[in-house]
Amino acid sequence: MSLQVGIVGLPNVGKSTLFNALLKEQLALVANYPFATIEPNIGVVPVPDGRLDVLAKIVKTTVIKPATVEFIDIAGLVKGASQGEGLGNQFLSHIREAAVICHVLRDFADENIIREGAVAPKEDLHTVRLELQLADLATLEKQPEPKGSVDRAAKERWQIISVLKAIIKDALSINQILASEQKMITYGLTQFTPEAITAVTHELALLTAKDELYVINVSESSLGSAVAQMTETYATTLGVSADRAIVMCNQIESELAVLSDEDRTAYLADLGLQEAGLDRLISAAYKVLRLQSFLTAGAKEVRAWTIPQGTPARQAAGVIHSDFERQMISARITSYDDFVAQGGWKGVKEIGKLRIEGRDYVMQEGDVVEFLIGK
């Protein structure tokens, strides 16, 4: 399963406007990745990281390559998608490929844009999640019960599937929505290990087991310095974590994405905003995907490399080049703060802040690294 964020929403909620804004962000990235092939419905966008500009000044390079997050624009959802309504099959196949679901929820009024099923953020989220539960139930009911003598793993797999089916059926019978943040484990799966549950939900690509983000698309007049308070209010209304809720005006984001850095800063200031909504969304997606960055800094380029949290050094080296995982000998590592405070590699070495770590060292967020590679 790829580390993509799937953008989901009912018709006319601003999903396409959001994705187009992300594509405009992507344009600035293409210059640094000239040979990247990007599908029309996938946006590969840079993760905001002010550290890279600082490192570039220290090592005197103009080439900066940020970490990235992939967003996929999923075919629009309508009520009944789980039974094939609208582009139901396409919708479900694409969303199963995503690691995280990003719900776009409408809370703006525009007489020129009819709602077509959208009512209000809470009700819209209920509609989408209901379709995901129905789709998961269909997937689970297609699984054949093992016959005859089976091993312990197969028996446990079937037990988990049976419990999941019962959970979803019970929820649907009372029109209850199973919030994916609770990861099903609180709904009767406590007798199984988290690893066993994850193995089943990943194998079947169950939609209700995916992480979620929530973009609340509001009107321009609603935005301002009270975004943090608005976020808390929406999070409470939706019953979700505030760090996964992003309040923004998708139309404004589309306009911001084509501005220069200077004009963008001025526009945000005029709106009373400290940070663009897209930046907040991209950063939140990076965290929800449980990713982190290590940094390389040299005369050739400064770059943030993406790895899952808990990655050992030898696998991190393999992200740079596949042969490096096998050939890595050790790594020269320092923290970003020390690298900046001491003005680079020479400075951190002189004060004893340069560490030599082995292949099994667990990489930390913001490590500045040089890998030593053998043959």
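Asn12 counts as partly exposed, because its relative accessibility is 31%, where buried means under 20% relative accessible area, exposed over 50%, and partly exposed in between (1.4 Å probe, protein chains only). This residue sits in the loop between strand 1 and helix 1 (15–30), where helices (H or I, at least four residues) and strands (E, at least two) are DSSP runs, numbered from the N terminus. Although Asn12 is not a glycine, its phi is positive, at about 60°. Most residues other than glycine have a negative phi. Lys60 likewise has a positive phi of about 60° without being a glycine, and its place is in the loop between helix 2 and strand 3 (64–65); with a relative accessible area of 71%, Lys60 is exposed. Asn175, just after helix 5, also takes a positive phi of about 60°.

The model described here is predicted, so that local features need pLDDT of at least 70 and side-chain atom pairs count only at pLDDT 80 or more, whereas totals for chains, interfaces and linings use all residues. Residues are numbered from 1 along each chain as its sequence is written, and side-chain values use heavy atoms, with hydrogens and water left out.

The protein chain holds 14 helices and 12 strands, and of its 375 residues 50% are buried. Among its contacts (heavy atoms within 4.5 Å) with a separation of 6 or more, 72% come from residues 24 or more positions apart. The accessible surface of the chain, from the Shrake-Rupley method with a 1.4 Å probe, comes to about 18,100 Å², of which 51% belongs to carbon and sulfur atoms.

An open sheet is formed by 6 strands in the order 2-4-1-5-6-7, with mixed pairing; two strands are taken to pair if DSSP finds at least two bridges between them. Strand 2 (42–46) and strand 7 stand at the edges with a single partner strand each, so one side of each is left without a neighbour in the sheet. From one strand to the next, the twist averages 25°, axes being lines fitted to C-alpha atoms, for helices over the stretch in contact, and angles running from 0 to 180 degrees between N-to-C directions. Strand 1 (residues 4–8) and strand 4 (residues 68–73) run parallel and are joined by 4 bridges, in which Gly6 has Ile72 as its bridge partner.

Strand 6 (residues 211–218) is largely enclosed by the rest of the structure, because 8 of its 8 residues are buried. Its two faces are both covered, with Asp211, Leu213, Val215 and Asn217 buried on one side and Glu212, Tyr214, Ile216 and Val218 buried on the other. Strand 5 (residues 100–107) runs parallel to strand 6 and is joined to it by 8 bridges, with Val215 of strand 6 as the bridge partner of Val104. Strand 7 (residues 245–248) also pairs with strand 6 in the parallel sense, over 4 bridges, and here Val247 is the partner of Ile216.

Two helices are found against this sheet. Helix 7 (residues 227–238) touches strand 5, strand 6 and strand 7, and its direction makes about 125° with that of strand 7. Helix 10 lies across strand 1, strand 2, strand 4, strand 5, strand 6 and strand 7, and runs at about 165° to strand 7.

The largest nonpolar core, a set of buried Ala, Val, Leu, Ile, Met, Phe, Trp, Tyr and Cys residues joined through side-chain atoms within 4.5 Å, has 57 residues, of which Val5, Leu18, Leu22, Val69, Phe71, Leu213 and Leu281 touch the most other members. Helix 10 (residues 277–288) gives the most to this core, with 7 residues. Apart from its neighbours within four places in sequence, Leu281 contacts Leu18, Phe71, Cys102, Leu213, Val215, Ile246 and Met248. A second, separate core of 22 residues includes Leu105, Leu223, Cys249 and Tyr267.

Helix 5 (residues 152–173) has 22 residues, and the 32 Å between its end C-alpha atoms agrees with the span of 32 Å that it should have at 1.5 Å a residue, the expected span being 1.5 Å times one less than the number of residues. Its buried residues, among them Trp158, Ile160 and Lys165, pack against helix 4 (121–141) and helix 6 (194–203).

Lys57, in helix 2 (residues 51–59), counts as exposed at 68% relative accessibility. The C-alpha atoms of Lys57 and Gly343 are separated by 9.7 Å, although these residues are 286 residues apart along the chain.
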